[in-house]
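Me: I would like to go through some of the labels used for this model. Please give the reasoning behind each one.

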Amino acid sequence: MSKQDASDGIPAAEAPAKRPPLNKYALACAILASMNSILLGYDVSVMSGAQLFMKQDLKITDTQIEILAGIINIYSLVGSLAAGRTSDWIGRRYTMVLAAAIFFAGALIMGLAPSYAVLMLGRFVAGVGVGYALMIAPVYTAEVAPTSARGLLTSFPEVFINTGVLLGYVSNYAFHSLPVHLSWRVMFLVGAVPPVFLALGVLAMPESPRWLVMQGRIGDARRVLAKTSDSPAEAEERLADIKKAIGIPEGVGDDNDDVVVVASKNKGTHGEGVWRDLLLRPTPPVRRILIACLGLQFFQQASGIDSVVLYSPRVFQKAGLQSDSNSLGATMAVGACKTLFILVATFFLDRVGRRPLLLTSAGGMVVSLVTLASALHAIDRLPAGQQATPLAGVSIAAVLVFVGSFSIGMGPIAWVYSSEIFPLRLRAQGCALGTAMNRVMSGAITMSFISLYKAITFAGSFYVYAGVAAAGWVFMFFFLPETRGRSLEDTEQLFGGGGGQDSSREDERDAQKKSAELTSSQQ
């Protein structure tokens, strides 16, 4: 047998040996789409320093600060739940432009707010923008990215969230020496500049090929896929998978792109009936997918990451860094560590897979939270006036390990995983539900942290978060299958979908019905 004959029999075995080069056009699209997330990270982290000066200027209480800091996550529910339907209606691209416009308005209102009530209005507007951006960036990126780089590119929103977090901390430090009545206002107003440029950049991007097919624009989708795929063969394969997922019969639109425009009139291309299929009458695979998405988003936030991001100056002051300059400087180190370690996740996502990174991440979070809680507990037991320099160092190191562990797995992969497991017709609204869960938990955590640590101490709070993170590790170990290397149209099979006879018969009936409608329209 010749070498060539032998290799002909096992072509698939050669695939893992050589990864295709990164598609530069898909990379550019992912970067532009994900840059909206900078605004989210900035809006959240800038509150960590701004609250110190806002409290003095507006004469507000800790309870009011706690509500103001965390309520943006509850407000974001409006944006995240609306984003699914909006993106199905006007497209993924224009939804991102809308998110940037909302961010712009929110930053102006917060920066110019004369009172607590107006500041709360600004947080509401910014919160709606947060919800839109959180949902749409990973969905768009997952739908544009080739399978070989989907994990890498879909993690970009989290990369830019962390970049925004770091910039918010830098803004806190840069403007903290201004007069009290100006410092926090400048911190917010700086956030109004990037949305203008981001909205213009998004307009230069193509629309999602999956959304284009849902609207019947097969020709436009084919052109986008040709640019964002690793090869012409992959582009045609992706197009065929999308058409199959929607129910467009094989061969329709291959020669004449215009004949498929009638597909946009079919039920479901603008999101009709999706909530029923997700919540009221889900199939067993869809139910498992929904639980996986909601569970992962729950544990991402319930483990306390936003408490650390928002209140790290208070944690460091408790550990012994009493001056604003020192605590804000240490907080900048948190932002830098969080941003640096997210790059680890982007590098390994498509190499080692989602599960190993998630489990490593959650394990590191448990260990670091227990260490932080123990150090703070030891500080509480010190005699009054005694220096706790070694324990302060342990506390700072534990916070850095915690945010680093979060960034290598739980942070980016929650969004990557959620955006790739839902069937196409349910993807936008399914991801919107995941975003809603994420924001509800973030709001609950950040609006309760001050009250929690006053009730059970800082140490007790972090022991609670450690227990939640440990429960998250168990959930991920037993419930989340690996999705690396799977096409978006193929991931449903991991949860038991696509193989049953009832499902096959239903798909066949749908295809026959759509074929009849298309034939009738052409006549």
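Reply: Start with Arg-92 and Glu-143, which are both buried. Keep in mind that the model is predicted.

Me: What makes Arg-92 and Glu-143 a salt bridge?
Reply: The closest N and O atoms of Arg-92 and Glu-143 are 3.0 Å apart. The cut-off is 4 Å between such atoms, so the pair qualifies. Arg-92 belongs to helix 5 (residues 92-111) and Glu-143 to helix 6 (residues 116-144), with their positions 51 residues apart in the chain.

Me: Why is Gly-411 called buried?
Reply: Its relative accessibility is 0%. Buried means under 20%, so the label applies. Gly-411 sits in helix 20 (residues 410-421). Beyond its neighbours within four places in sequence, Gly-411 has contacts with Glu-158, Gln-300 and Phe-406.

Me: How do you know that Lys-318 and Asp-380 form a salt bridge?
Reply: Their side chains come to 2.6 Å, N to O. That value is within 4 Å, so the rule is met. Because Lys-318 lies in helix 16 (residues 305-319) and Asp-380 in helix 18 (residues 354-380), the pair ties together parts 62 residues apart in sequence.

Me: Why is Lys-318 called partly exposed?
Reply: Lys-318 has 31% relative accessibility. Partly exposed lies between the 20% limit for buried and the 50% limit for exposed, so the term fits. Asp-380, at 32%, is also partly exposed.

Me: How many salt bridges does this rule give?
Reply: The count is 13. Among the residues involved, Lys-55, Asp-62, Arg-314 and Lys-454 are linked in a network.

Key. Residues numbered from 1 in each chain as written. Predicted model: local features only at pLDDT ≥ 70, side-chain atom pairs only at ≥ 80, totals over all residues. Heavy atoms only, no water. Helix = DSSP H or I, 4+ residues; strand = E, 2+ residues; numbered from the N terminus. Buried < 20%, exposed > 50% of the residue type's maximum accessible area, 1.4 Å probe, protein only. Contact = heavy atoms within 4.5 Å.
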